[in-house]
Amino acid sequence: MNARPSSAAAAAGAQIRRRRRQRGMTQAELARRTGLSKATLSQLEAGNGNPTIDTLDAIAVALSIPLTDLLTRAAGPGTVHVTATEALADGPTRELLRRVSGGHGLELWRLRMPPRTAFDGVPHAPGTIEHLLVAAGTLTAGPVDDPRLLRPGDLLAFAGDAPHAYRTGDDAADVTVVIASPITS
């Protein structure tokens, strides 16, 4: 019995095909640059494969795009509306709002923290910049060796590849976080 291809494999295949065509590259040329057979590449583009990370990485390098661009499902051309959700009362609520690809890596997150809450940020890939825009409340955040007190309307940008932390005082905080990752090729 043949298993149905996963939606992730189909999405990756569509991205491979789209990016190859954008570069005016034939399947034969991409296969040559990656060391894959043309038949394997054809199966991947059709969404009928189960590619390894190494295979996707080789394709991303050959196409001169970040690996994450092959893992991102193409967004429709229309408007994107993400409805609000309730925040947790007993800990930080982090929601990925949107991932923007196409030659750069941007992620938009919503971070909501109740009063008197703290957590350490996980250092990201080298060269990553994190941007915080406070919508409500107050937050002390940034590099562990140089935290800043942020109020509504304040923006803070800092190196996200170094240790960083977030802490609220007596007020809850609602923050938009934009993580900008460098292009790797």
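These legends go with a set of close-up views of one predicted model.

**View 1. Confidence along the chain, element by element.**
Before zooming in, a quick look at how far the predictor trusts itself. The chain averages a pLDDT of 84, and 84% of the residues score at least 70. Among the elements, strand 8 comes out on top with a mean pLDDT of 96. At the other end sits strand 1, residues 93-100, with the lowest mean, 71.

**View 2. An open sheet of four strands, with order 3-8-5-6.**
The pairing in this sheet is antiparallel. Strand 3 (118-121) and strand 6 (148-150) are the edge strands, each pairing on one side only. Going from one strand to the next, the twist averages 20°. Zoom in on the 5-8 pair: strand 5 (residues 139-143) and strand 8 (residues 164-167) run antiparallel and share four bridges. Pick T140 here, and its bridge partner in strand 8 is R167. Now the other neighbour: strand 3 and strand 8 also pair in the antiparallel sense, over four bridges. In that pair, F119 stands opposite Y166 of strand 8.

**View 3. The two faces of strand 8.**
Which residues of strand 8 make up the covered face, and which the uncovered one? H164 and Y166 are on the covered face, while A165 and R167 are on the uncovered one. The background here is simple: in a regular strand the side chains alternate between the two faces of the sheet. Two residues from the previous view turn up again: Y166, opposite F119, is on the covered face, and R167, the bridge partner of T140, is on the uncovered face.

**View 4. The largest nonpolar core, centred on L111 and its contacts.**
This core has 15 residues, and those with the most contacts inside it are L111, L132, L139, Y166 and V175. Strand 2, strand 4 (129-137), strand 5, strand 7 (155-159) and strand 9 each give two or more residues to the core. Strand 9 gives the most, with four residues. What does L111 touch, leaving aside residues up to four places away in sequence? The list is P92, T93, R94, F119, Y166, A173, D174, V175 and V177. Two of these, Y166 and V175, are also among the residues with the most contacts inside the core. As a rule, nonpolar side chains in soluble globular proteins tend to be buried together.

**View 5. A second, separate core, of 13 residues.**
Members to label here include A31, L56, A62 and L63. Just along the chain, S64 is placed in the loop between helix 4 (53-63) and helix 5 (67-71). Its backbone is worth a click too: phi of S64 is near 60°, a positive value in a residue other than glycine.

**View 6. A buried salt bridge between two helices, R20 with E45.**
The closest N and O atoms of R20 and E45 are 2.6 Å apart. The two residues come from distant parts of the chain, 25 residues apart: R20 is in helix 1 (residues 7-22) and E45 in helix 3 (residues 38-45). Are they buried or exposed? Both R20 and E45 are buried. The count of salt bridges in the model is six.

**View 7. A salt-bridge network around helix 2, with E29, R32 and R33.**
These three residues are linked in a network of salt bridges. In the R32-E29 pair, the closest N and O atoms are 2.7 Å apart. Both residues lie in helix 2 (residues 27-34), three residues apart, or about one turn of the helix. R32 is exposed, with a relative accessible area of 58%. E29 is partly exposed, at 23%.

**View 8. A long-range salt bridge from strand 2 to strand 9, R110 with D174.**
Here the closest N and O atoms are 2.7 Å apart. R110 is in strand 2 (residues 105-113) and D174 in strand 9 (residues 173-181), with their positions 64 residues apart. D174 has a relative accessibility of 18%, so it counts as buried. R110, at 21%, counts as partly exposed. D174 is also one of the residues that L111 touches.

**View 9. R116 in the loop between strand 2 and strand 3.**
R116 has a positive phi of about 50°, although it is not a glycine. Its relative accessibility is 60%, so R116 counts as exposed.

Note on methods. Residues numbered from 1 in each chain as written. Predicted model: local features only at pLDDT ≥ 70, side-chain atom pairs only at ≥ 80, totals over all residues. Heavy atoms only, no water. Pairing = 2+ DSSP bridges. Axes fitted to C-alpha atoms, helices over the stretch in contact; angles between N-to-C directions. pLDDT = per-residue confidence, 0-100. Salt bridge = Lys/Arg side-chain N within 4 Å of Asp/Glu carboxyl O. Buried < 20%, exposed > 50% of the residue type's maximum accessible area, 1.4 Å probe, protein only. Core = buried A, V, L, I, M, F, W, Y, C linked by side-chain atoms within 4.5 Å. Contact = heavy atoms within 4.5 Å.
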